[in-house]
Structures are given as structure tokens and as C-alpha cells.
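Reader: I have a model open and would like to learn how to read it. Please take me through it feature by feature.

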Amino acid sequence: MHRIVLLGPPGVGKGTQASRLARELAIPHLSTGDLLRAAVAARTPLGREAEAHMAAGRLVPDPIVLKILEERLAAPDCRGGYILDGFPRNVPQAIALESIAPLDAVLSLDLPEATLIGRLSGRRVCPTCQAVYHLATLPPKVPGRCDKDGAELVQRPDDRPEAIATRLQVYHEQTTPLLDHYRQRGLVRPVDARGAPEEVYRRLRAGVGSG
Ligand code: AMP
């Protein structure tokens, strides 16, 4: 069974890699960031609580994230495995996850900080279909417009410089301790995230194995 966590700093390419791996393995890609952004857009009570934390680049309080994720994991399509992207983000979340759902592997992606900042600050997203672009490395065909549906591309509020700095700091302080947590459990498989998405995917795929 493939019950996988993709771990790594903001901007490392977790979302891109997770969605491709999920397609190939035919299991759901569960991004807590996406679930939270959908809750914010739908103006649900949880979304309203999460919004200011997200825009500032801080973690959303654990009870909110856990509630959203637990509901999603209970859906029938998660019975055959799943890929978690952006969760857990701290040790208490990892411990909470252990009591709701087992894990088979933690794929750990990493990149130098300057590369992460370049990727985050150039990222633009389609608000309609969530397609992701980059001003320098993956520009849309028509500047500022989504290739798929023509919508005007936007910058995520947390991809602005002040929020990027906070997110990287939060990652170092709260998320990197997870690596030790999972190393002690023998789950970590490191993946070099340098290079083109295609190249990274090949390494990631090799790290997943046939399960
Ligand atoms: P991401 O799309 O994974 O970069 O997440 C965007 C933002 O959503 C983060 O900066 C946090 O504010 C929030 N978020 C996503 N996942 C979590 C999580 N597991 N715990 C707390 N906050 C989260």
C-alpha cells in the first residue's frame, strides 16, 4: 500500500510532484494547503479562522488542520492509499496522524534556500483551476493568463516576500524536527529536488518503489 508523506520546505515542488505521483498511483493527493484554501474561498467557519494565519505565512492551529484532514481521510477513496502534501508540519501533527492513519514512507525533498525563494516569488496560480506557473521557468503562453481556461493568474498572498520569510522560518523551527521523528521510525527516503520537475519525479518514483 502507498500511504506516503511528501516532506520538504515551501517551494521545493511538493505540490507538483505529489499531483503527478497521485495520478500515476491512482490514489488521492491530499494537500492541507489546498483544503485550507478551499475552506477560505468557501468562507466556512474553519476557513475564516485559518485565513489570517495563512496570509501571514504562519501555521494554522493544529485543531483546524486536523479536523479538515481527518474528514478528508475518512472518505472512501483514501482506503487504497494517499499522498499527504503539506501535512504533517510539526511533531504534534505527526503524532496525531499516527492515531488516525498509518504511513508507509516519508519522501523528503530538499533544496538550497536561495532556490526556494526564487521559486516561491515567481510562482503564479490560476484561481479557477489551480494550475501553477512560474514567471521565469514555466510562464503561461499569454502573459498573466492561464493556458487552460484564460483566467487571470494571481500571486498567492503567502508568496509575497514578508510571508515567504516567515514560512521558511516556520519550516526550520517546526517542520525540520519531523525528519528526526520519522528517521527514528525508519520511514525517511531522501530525494534530491534539484533540476527539472521531470528529473525530480524520476528520483521520487524510484524512492517510492512498487509498494
Ligand atoms: P502550502 O500550500 O502547503 O504551502 O500551505 C499554505 C499555508 O496553509 C501554510 O503556510 C499554512 O498557513 C497553512 N497550512 C497548510 N498545511 C498546514 C499544516 N499541516 N499545518 C498548519 N498549517 C498548514
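**Ligand and helix pair**

Author: Start with a contact: a polar side-chain atom of arginine 167 lies 3.5 Å from an oxygen atom of the ligand. A polar contact is a pair of N or O atoms within 3.5 Å. Taken alone, the ligand exposes 470 Å², and the protein buries 96% of that (accessible areas by the Shrake-Rupley method with a 1.4 Å probe).

Reader: What kind of model is this, and how are residues numbered?

Author: This is a predicted model, where local features need pLDDT of at least 70 and side-chain atom pairs count only at pLDDT 80 or more, while totals for chains, interfaces and linings use all residues. Residues are numbered from 1 along each chain as its sequence is written, and side-chain values use heavy atoms, with hydrogens and water left out.

Reader: Which residues come nearest to the ligand?

Author: A residue is near a molecule if one of its heavy atoms lies within 4 Å of it. Of the 16 residues around the ligand, Thr32, Arg37, Arg58, Gly86 and Gln93 come nearest. A polar side-chain atom of threonine 32 is 2.8 Å from a ligand nitrogen atom. For arginine 58, a backbone N or O atom lies 2.6 Å from a ligand oxygen atom.

Reader: How do I describe two packed helices?

Author: By the angle between their axes and the distance between the axes. The axes of helix 6 (residues 113-121) and helix 7 (residues 161-175) come within 11 Å and cross at roughly 135°. Helices here are DSSP runs (H or I, at least four residues), numbered from the N terminus. Axes are lines fitted to C-alpha atoms over the stretch in contact, with angles from 0 to 180 degrees between N-to-C directions.

Reader: Which word describes how helix 6 and helix 7 lie to each other?

Author: Angles under 35 degrees count as roughly parallel, over 145 as roughly antiparallel, 65 to 115 as roughly perpendicular and the rest as oblique. Helix 6 and helix 7 are therefore oblique to each other.

Conventions: Polar contact = N/O pair within 3.5 Å; in protein donor to acceptor, adjacent residues only side chain to side chain. Helix = DSSP H or I, 4+ residues; strand = E, 2+ residues; numbered from the N terminus.
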